[in-house]
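Welcome! Here is a short set of exercises with worked solutions, to be done with the structure open beside you. Try each task before reading on.

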Amino acid sequence: MLKSVKIIKKDIKNFSIKVKPSGEVIINAPKDASDEHIGFVLKKREKWIISKQEFFAKFKSREKELVSGEEMKYLGRSYRLKVNESKEEFVRLNRGTLELFVRDKNNFKKKQKLLDEWYKDKALICFFNIINEFNKMVKRDIKNVRIRKMKTRWGSCNAVKSYINLNLELIKKPKKCVEYVIFHELAHLIHPDHSKKFYEYLSVYMSDWQERKRVLENSLD
């Protein structure tokens with residue numbers, strides 16, 4: 001049974017459903033839609049809705065305090081965080097430890113900023129190398145690539161403008177998952193929607209894309 005469903009009736013022809021990061025479900029329905037029809041649509045999309053709610057719940061459960069001993073992820077591997085007081089502020093990977101040097105160990109925002117910058121630097125190198133490699137196959141111009149934190153998706157593509165957006169959190173996932181997301185978005189430059197041809201294209205050039213997707217969706221960090 002779905003909870004926290006908000007129904008909005010509008011002057012529209014088709015239904016649309018959105019799941020907010022809070023887990024709330026919003027369904028936009030035609031003005032003349034009956035309660036039975038709305039219930040049927042919700043039931044039909046129930047698995048998708050629940051998967052989205054679980055996705056957002058995972059993000060909430062991963063909130064960290066950024067203190068020594070916490071587990072941090074980088075390209076699918078686990079590293080222990082070690083926070084050090086230091087006049088110089090920086091982050092470095094030292095074998096099995098992710099070392100964070102900061103003036104004030106209790107300044108959460110500063111620690112988060114330093115870590116985000118470190119992850120962003122790593123993502124720029126990793127993501128662009130993968131983009132360049134897969135674009136040898138796709139052969140499409142890419143006018144802009146943005147790496148940022150995204151709450152609802154791992155990536156997106158604007159096929160008209162040739163823009164690609166990638167979630168910064170991807171740098172914490174196994175490389176094969178990063179490759180899947182990037183190839184998925186690059187493929188949209190050829191097939192803009194999730195049509196049969198789009199998935200056929202994925203299957204031809206990345207035969208194990210479903211397994212990569214499964215690993216990505218089941219990873220907790």
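**Exercise 1. The chain as a whole**

What percentage of the 221 residues of the protein chain count as buried? Then describe the secondary structure and the dimensions of the chain.

*Solution.* Keep in mind that this is a predicted model.

- Step 1. A residue is buried when its relative accessible area is under 20%. By that cut-off, 40% of the 221 residues in the chain count as buried.
- Step 2. Going through the secondary structure gives six helices and ten strands.
- Step 3. Along the principal axes, a box of roughly 65 × 40 × 30 Å holds the C-alpha atoms.
- Step 4. Now take the contacts between residues at least 6 apart in sequence: 44% of them join residues at least 24 apart.

**Exercise 2. The largest nonpolar core**

Which residues have the most contacts inside the largest nonpolar core? Follow two of them into their surroundings.

*Solution.*

- Step 1. The largest nonpolar core has 57 residues, and the ones with the most contacts inside it are Leu 98, Tyr 119, Phe 127, Leu 166 and Ile 182. Helix 3, residues 108-138, gives this core its largest share, eleven residues.
- Step 2. Begin with Tyr 119. Beyond its neighbours within four places in sequence, Tyr 119 is in contact with Met 72, Lys 73, Tyr 74, Leu 98, Leu 168, Ile 171 and Lys 172.
- Step 3. Move on to Ile 182, which sits in helix 4. Ile 182 counts as buried because its relative accessibility is 2%, and the cut-off is under 20%.
- Step 4. Setting aside residues up to four places away in sequence, Ile 182 touches Phe 127, Ile 130, Ile 131 and Leu 166.
- Step 5. Finally, compare sequence and space: Ile 182 and Gly 155 are 27 residues apart along the chain, and 7.6 Å separates their C-alpha atoms.

**Exercise 3. Strand 10 and its partners**

Why is strand 10 largely enclosed by the rest of the structure? Find the strands joined to it and the direction in which each pair runs.

*Solution.*

- Step 1. Strand 10 covers residues 163-167, and four of these five residues are buried, so the strand is largely enclosed by the rest of the structure.
- Step 2. On the parallel side of the pairing, five bridges join strand 10 to strand 8, residues 144-148. Here Arg 146 has Asn 165 of strand 10 as its bridge partner.
- Step 3. Strand 9 runs antiparallel to strand 10, with four bridges between them. Cys 157 stands opposite Ile 164 in strand 10.
- Step 4. Strands 9 and 10 form a hairpin, with four residues between the two strands.

**Exercise 4. Two positive phi angles**

Where are Leu 75 and Ser 162 found? Decide for each whether it is buried or partly exposed.

*Solution.*

- Step 1. Most residues other than glycine have a negative phi. Leu 75 has a positive phi, near 50°, and Ser 162 has a positive one near 60°.
- Step 2. Leu 75 lies in the loop between strand 4 (71-74) and strand 5 (77-85). Because its relative accessibility is 26%, Leu 75 counts as partly exposed.
- Step 3. Ser 162 belongs to the loop between strand 9 and strand 10. Its relative accessible area is 12%, so Ser 162 is buried.

**Exercise 5. The largest pocket**

Which residues lie nearest the centre of the largest pocket? Work out which elements supply its lining.

*Solution.*

- Step 1. The volume of the largest pocket is about 1100 Å³.
- Step 2. Its lining has 35 residues, and Lys 52, Thr 152, Arg 153, Trp 154 and Glu 217 lie nearest the centre.
- Step 3. At least two lining residues come from each of these elements: strand 2 (16-19), helix 2 (46-61), strand 9 (155-158), helix 4 (175-187) and helix 6 (209-218). Helix 2 supplies the largest share, eight residues.
- Step 4. Sorted by class, the lining has 15 nonpolar, nine polar and eleven charged residues.

**Exercise 6. A histidine in helix 4**

Is His 184 buried or exposed? List its contacts too.

*Solution.*

- Step 1. His 184 is placed in helix 4 and counts as buried, because its relative accessibility is 11%.
- Step 2. Apart from neighbours within four places in sequence, His 184 is in contact with His 194, Phe 198 and Leu 202.

Technical notes
Residues numbered from 1 in each chain as written. Predicted model: local features only at pLDDT ≥ 70, side-chain atom pairs only at ≥ 80, totals over all residues. Heavy atoms only, no water. 1 Å grid on protein atoms, 1.4 Å probe; cavity = no way out; pocket = protein on both sides within 12 Å on 5 of 7 lines; lining within 4 Å. Points joined across faces, edges and corners; volume = space filled by probe spheres on them. Nonpolar A, V, L, I, M, F, W, Y, C, P; charged D, E, K, R; others polar. Core = buried A, V, L, I, M, F, W, Y, C linked by side-chain atoms within 4.5 Å. Buried < 20%, exposed > 50% of the residue type's maximum accessible area, 1.4 Å probe, protein only. Contact = heavy atoms within 4.5 Å. Pairing = 2+ DSSP bridges.
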